[in-house]
Amino acid sequence: MQIDFKDKIAVITGASRGIGAAIAEAFYQNGAKVALLDINVKECQERALAIDASGSNVIALQADVTDEIQVKKAVDQILERFERIDILVNNAGVLHHVPIEEKTVADFEKIIKVNLTGVFIMSRAIVPIMKKIGRGKIVNISSLGARTGRPGVAVDYAASKAGTLGITRSLAKELGPSGIYVNAIAPGPILTELTKQVPKEVFATWNVGRVINKDGLPEDVANAVLFLSSQLSDWITGITLDVNGGLFIP
Ligand code: NAP
């Protein structure tokens, strides 16, 4: 069996750059029609055109995943254009890399809101559409930080990403009988705008213990997303797939 997303509609949040952009590109290259969502619509439109200059198989939409009204509007626009949604990748995420003493409650709550509540808001908006079709795949982007903790990664980030694993397991049980699969990916360190705020010497320590001699790339995460969104994973739900070059082997 080959991976083929012909006639599938994939929605990716935080798709303007980094891992989300690589996921959007990978779906497009494998035949899907792709909706790129991001808080920053201009960058998102540029990314969509870079993927498909004709614009016929991509749509770029503004959606802050914490804003229910924007999310509903974006979902309505996707349905108007592509008529269905088969795949949702909850990828949008933020990191605030400071020690606990320097973090305010507002900082903490902002990270939880984007990384965790955003997954809830997006999933709640799209699950009814998948239920109508009787099938769907949801992939949540968590983090190695949820599995192992990490000094300086910040309590809020690790908590939000661990919470994402809880949502994943719970939703997999709730939605499995409706034909909807829900899985998570926990990527190790990937050099993107998100991790550029981490001092280089600290980022280097994050790779200590890696057994595969290769840096992690956004494409490595995208490949895992394709697998968990395809028919190749039709007996897999509720799992966390570690994508980290062997940094964490439980
Ligand atoms: P990135 O380069 O910072 O890209 C994240 C994208 O999400 C940006 O375009 C950002 O837009 C957008 N975004 C932020 N807040 C949003 C919101 N409220 N609604 C919609 N979009 C929003 O990050 P990345 O490294 O590609 O990370 C992607 C995902 O992978 C995140 O969930 C991250 O936690 C996870 N992850 C990353 C790593 C890593 O090492 N990079 C490792 C494990 C997990 P703005 O620029 O406007 O904020």
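These are my notebook entries on the pockets, salt bridges and one surface patch in this structure.

**Entry 1: what I am looking at**

I am working from a predicted model, so I keep that in mind for everything below.

**Entry 2: the enclosed space**

I started with empty space inside the protein. Rolling a probe the size of a water molecule over the atoms shows where empty space is left. How many cavities of 30 Å³ or more does a search of the whole structure find? It finds one. The largest cavity holds about 60 Å³ of space. I looked up its walls next and got 13 lining residues, with N90, N91, A92, N115 and V119 lying nearest the centre. The elements giving two or more residues to this lining are α4 (105–133) and α6. Of these, α4 gives the most, with five residues. By class I noted six nonpolar residues, six polar and one charged in the cavity lining.

**Entry 3: the open space**

Then I turned to the largest pocket. About 810 Å³ of space lies in it. I found 40 residues lining the pocket, and N91, A92, G93, V94 and L194 lie nearest its centre. Which elements give two or more residues to the lining of the largest pocket? I wrote down α1 (18–29), β2 (33–38), α4, α6 and α7 (193–196). The pocket lining splits into 17 nonpolar, 14 polar and nine charged residues.

I also put the two linings side by side. N91 and A92 are among the residues nearest the centre of the cavity, and N91 and A92 are also among those nearest the centre of the pocket.

**Entry 4: salt bridges**

Side chains of opposite charge can pair when their charged atoms come close. I searched the whole structure and got twelve salt bridges. I followed up a few of them.

R124 with E68: the side chains meet in a salt bridge at 2.6 Å, N to O. R124 is in helix α4 and E68 in helix α3 (residues 68–82), so this pair ties together parts that are 56 residues apart in sequence. From C-alpha to C-alpha, I get 9.8 Å between R124 and E68. Are these two buried or exposed? R124 counts as partly exposed, at 42% relative accessibility, and E68 also counts as partly exposed, at 48%.

K72 with D76: here the closest N and O atoms of the salt bridge are 2.8 Å apart. Both residues sit in helix α3, four residues apart, which is about one turn of the helix. D76 counts as partly exposed, with 38% relative accessibility.

D234 with K137: their side chains meet in a salt bridge at 2.8 Å, N to O. D234 is in the loop between α9 (218–229) and β7 (240–243), while K137 is in strand β5 (residues 136–141), so the pair ties together parts 97 residues apart in sequence. I checked exposure on both sides of this one. K137 is buried, with a relative accessible area of 3%, whereas D234 is partly exposed, at 25%. I then asked which residues are linked with K137 and D234 in a network of salt bridges. The network takes in R135 along with K137 and D234.

**Entry 5: a nonpolar patch outside**

Last, I looked at the surface. I100, F108 and V155 form a nonpolar patch there, and together they have about 260 Å² of accessible area. I picked V155 for a closer look. V155 lies in helix α6 (residues 155–175), and it is partly exposed, with a relative accessible area of 40%. Helix α6 had already come up, as one of the elements lining the cavity and the pocket.

Key
Residues numbered from 1 in each chain as written. Predicted model: local features only at pLDDT ≥ 70, side-chain atom pairs only at ≥ 80, totals over all residues. Heavy atoms only, no water. Patch = residues over 30% accessible without salt bridge, like charges linked within 9 Å, V, L, I, M, F, W, Y side chains within 5 Å. Areas by Shrake-Rupley, 256 points an atom, 1.4 Å probe, with all protein chains shown as cover. Salt bridge = Lys/Arg side-chain N within 4 Å of Asp/Glu carboxyl O. Buried < 20%, exposed > 50% of the residue type's maximum accessible area, 1.4 Å probe, protein only. 1 Å grid on protein atoms, 1.4 Å probe; cavity = no way out; pocket = protein on both sides within 12 Å on 5 of 7 lines; lining within 4 Å. Points joined across faces, edges and corners; volume = space filled by probe spheres on them. Nonpolar A, V, L, I, M, F, W, Y, C, P; charged D, E, K, R; others polar.
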